[in-house]
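Visitor: I am new to this structure and would like a close look at one part of it. Please take me through the charged side chains around a single helix and what they pair with.

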Amino acid sequence: MSCSNERLRLRTWGVYSSVAAAGKLMQLSEEELVNAFGIAGASNNPLYVSRRGEVLMWKGVAHAYATHNAIQACQLARNGMTGPEAIFEGPFGFFEAVSDGEITFPDKANFDNLRIMRTSIKSFACGCYIHSPVTGFLQLSDEHEIDPEAIDSIRIEIFEHAADMLATSNNWATDLNRETADHSIPYTVAVAVLEGEVTLGQYSERYLRSPSVHELMGRIEVEGTPELTDHRSRHPRHIPSITTITVNEEEYKKRIDCPLGHPENPMAEEQIEQKLIENCQRYISDTQIQEVIGVCRSVTELDSLDPILRPLVI
């Protein structure tokens, strides 16, 4: 499913994709699946407010909650509960009440054009739109051996939707919480400058309250530009940004459209496994982690998801 409106495309698809996945795994009939879509769709239309201004804890579980509701809708449908069949085109349905843009469905799918084959995997612990400016800085820093203390200013040009979402005035605040910080271009770029990386550790209190981070944020400018906005409209999967670093009146500039983890610049299998290890080692044992990795390497041979889920039990 695709939608012409960016905000709708980013958020409202979650419950429908979750119904499709859960319904397939639960082997629902066509009629049951239609009912599950109707039940879930009529009850779950997330608001974008959870990702604007001060971002709170709910943002981190919003999609998981939609998936929970989708699974419950499938369970209800499997047990005979009916839902509105015309959830998209019916009176006061999705098209009329939620979407202000056209939604299209492919006539048929094959392995190569499935959306899951064009999935982005985050290489940094931050909002996906921030990956391009962070990548731009890190590449410039490596190429020119830039000393953070010598930086006069950093200018980030990006498409307007990203600037409107991740570079509002409160994104420069000195009392950011973790959720707002990882959706702040100036904060995340600043810690990337000072630390050379962006992991979960860069959103601890040590950095959130750091005078050095706040001082550097004051030297960062973010602007949405027509050029990159136009590129984004023509290539909606791209994350275009231009990072310009000024050091002693000399400028270094880098444009990034597809940061590491983007389907056009995919992470290597070893990098994905390392990300799993770094994020799971505080919760499960090394033995469990290696079991998950081993199972995932042969996932196409599985008859069910049970072998993946068992070693993830905490």
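Guide: What follows is a walk through the salt bridges around helix α12, with a short look elsewhere for contrast. The model is a predicted one. Over the whole structure, a search finds 13 salt bridges.

Helix α12 covers residues 226–234, and E227 lies in it. The side chain of E227 meets that of R255 in a salt bridge, with 3.3 Å from N to O. R255 belongs to strand β6, residues 250–256, so this pair links distant parts of the chain, 28 residues apart. Both partners have some contact with the surface: E227 counts as partly exposed at 49% relative accessibility, and R255 counts as partly exposed at 34%.

R255 has another partner as well. D257 forms a salt bridge with R255, and their closest N and O atoms are 3.0 Å apart. Elsewhere, R155, E157, E221 and E223 are joined into one network by salt bridges that share partners.

Back in helix α12, the side chains of D230 and R234 also meet in a salt bridge, at 2.9 Å from N to O. These two residues are four apart in the helix, which means that about one helical turn separates them. D230 is partly exposed, its relative accessible area being 39%.

For contrast, there are charges grouped without such pairing. E30, E31, E85 and E89 gather in a surface patch of negative charge, and residues in a patch have no salt bridge. One of them, E85, sits in the loop between α4 (58–78) and α5 (94–97). E85 is exposed, with a relative accessible area of 65%.

Key:
Residues numbered from 1 in each chain as written. Predicted model: local features only at pLDDT ≥ 70, side-chain atom pairs only at ≥ 80, totals over all residues. Heavy atoms only, no water. Patch = residues over 30% accessible without salt bridge, like charges linked within 9 Å, V, L, I, M, F, W, Y side chains within 5 Å. Areas by Shrake-Rupley, 256 points an atom, 1.4 Å probe, with all protein chains shown as cover. Salt bridge = Lys/Arg side-chain N within 4 Å of Asp/Glu carboxyl O. Lys, Arg positive; Asp, Glu negative; His and termini not counted. Charge placed at Lys NZ, Arg CZ, Asp CG, Glu CD. Buried < 20%, exposed > 50% of the residue type's maximum accessible area, 1.4 Å probe, protein only.
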